[in-house]
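Here are my notes from going through the model you sent over. I've kept them as numbered points, roughly from the overall fold down to single residues.

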Amino acid sequence: MDFLAGCIGGAAGVLVGHPFDTVKVRLQVQSVDKPLYRGTFHCFQSIIRQESMLGLYKGIGSPMMGLTFINAIVFGVQGNTMRRLGEDTPMNQFLAGAAAGAIQCVICCPMELAKTRMQLQGTGEKKSSSRKVYKNSLDCLTRIYQREGLRGVNRGMVTTLIRETPGFGVYFLAYDLLTRSLGCEPEDPYMIPKLLFAGGMSGIASWLSTYPVDVIKSRLQADGVGGKYQYSSIMDCTRKSIQREGWRVFTRGLTSTLLRAFPVNAATFATVTLFLLYVRPDEESKDCEAAPASHQAPLQQQAQPSSLAPLIDAGDACEIADSEGRPDSSSLRNTPEIERWNEKKAVPLLLLSASLYCR
């Protein structure tokens, strides 16, 4: 259920964040000699006026299809890496996030290639225009594969790897540091706004750390649209971009990227919370019945100030912990104590995984 909730929450985040992403890509790759858009808000207005609201959602099929696979990879790789590292520290969170980011590039790169090509299709054309190169994201990838093979489908893989590896690491690191410093505990009545703040700021930190690479990635993946190629390599793209547009080229589309951080996290949070509240309403009572009698009295007396209280495992009140509320690091590997402590963090980590693609 947690995995399904993460996928549904991630889908909600994509629905909210995709229009911002479309604007970002359009601004990143537009010609400096004949620019179509003056800025973020002008780009929004122009797309809606010329292509309707649906123009903002071009290419959304690709991230929707890849979301499940990315969540599965991130869940598995991050969890296994943390178990191997043995201790839950901010630096280990960074390393685990970086590992997850690197592995999921196998899915992310082709997915973003199709998304970028679909987002650029019909740029500046009127709503009535019926000229389309690609029918959908799958057709886009099929046509690219037929023309260019696997190399074409994986266009931009190196830049995606350079962006995602530190980007995911910074996201996990910032999220961990913020949730620790803010004290995001299940008993905290302000847990919801704290998690929203942590998710939004983590997304901003992640994008700021790798945004120049994202600009180059978008340009390389958009290169060849219309049969005209401008760049022969990453360095060639970087050099030509700087020569023609200066260092400001690396901030193109940044405003729309940062603007989407908080609404995406809010949509993800609300969806995950509501889904789990509806599908697991009786989980706490079942856990209480299964707990030893000696632990039931404290559980019955425990207040539930947060709307997320029914989502927290009741067994958390029975855990064996050190003075900081965490299991002893000397027995961190494969012990019931660390498993129960990880369950205590299930909601923040679930929301984190659901919003990773839309960060």
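1. On secondary structure, the chain comes to 15 helices and 0 strands. Bear in mind that this is a predicted model, so everything below was computed from predicted coordinates.

2. Of the 359 residues in the chain, 50% count as buried. As for how contacts spread along the sequence, take those between residues at least 6 apart: 77% of them join residues at least 24 apart.

3. The largest nonpolar core has 10 residues. The aromatic names on its list are Trp207, Tyr211, Tyr231 and Phe250, and Val215, Ile216, Leu220, Cys237, Val249 and Leu254 complete the set. Which helix gives this core its largest share? That would be H8, with 5 residues.

4. Val249, a member of that core, is a handy residue to click on. Leaving aside its neighbours within four places in sequence, Val249 is in contact with Val215, Arg219 and Ser241. Of these partners, Val215 is also on the core list.

5. There is another core, lying apart from the one above, with 8 residues. Among them are Phe20, Val23, Leu27 and Phe44.

6. Now the pockets. The largest one has a volume of about 820 Å³. The elements that give two or more residues to its lining are helix H1 (2-29), helix H8 (191-222) and helix H9 (234-245). H9 supplies the largest share, 4 residues.

7. What lies nearest the centre of that pocket? Val29, Gln30, Ser31, Val225 and Gln230 do, out of 24 lining residues. If you plan to look at its chemistry, the lining breaks down by class into 8 nonpolar, 7 polar and 9 charged residues.

8. Last, the cysteines. How many disulfides does the structure hold? The count is 0. Cys105 and Cys108 are worth a look here: the sulfur of Cys105 has its closest cysteine sulfur in Cys108, at 5.9 Å, which is too far for a bond. Seen from the other side, the closest cysteine sulfur to that of Cys108 is the one in Cys105, again at 5.9 Å. The cut-off for a disulfide is 2.5 Å between the sulfur atoms, so this pair does not count as one.

9. Are those two cysteines buried or exposed? Cys105 counts as buried, at 1% relative accessibility, and Cys108 is buried too, with a relative accessible area of 1%.

Technical notes. Residues are numbered from 1 along each chain as its sequence is written. This is a predicted model: local features need pLDDT of at least 70, side-chain atom pairs count only at pLDDT 80 or more; totals for chains, interfaces and linings use all residues. Side-chain values use heavy atoms; hydrogens and water are left out. On a 1 Å grid over the protein atoms alone, a cavity is a set of points where a 1.4 Å probe fits but cannot get out, and a pocket is an open set with protein on both sides within 12 Å along at least five of seven lines; lining residues have an atom within 4 Å of a point. Grid points are joined across faces, edges and corners, and a volume is the space filled by probe spheres set on the points. Ala, Val, Leu, Ile, Met, Phe, Trp, Tyr, Cys and Pro count as nonpolar, Asp, Glu, Lys and Arg as charged, and the others, Gly among them, as polar. A nonpolar core is a set of buried Ala, Val, Leu, Ile, Met, Phe, Trp, Tyr and Cys residues joined through side-chain atoms within 4.5 Å. Buried means under 20% relative accessible area, exposed over 50%, partly exposed in between (1.4 Å probe, protein chains only). Contact means heavy atoms within 4.5 Å.
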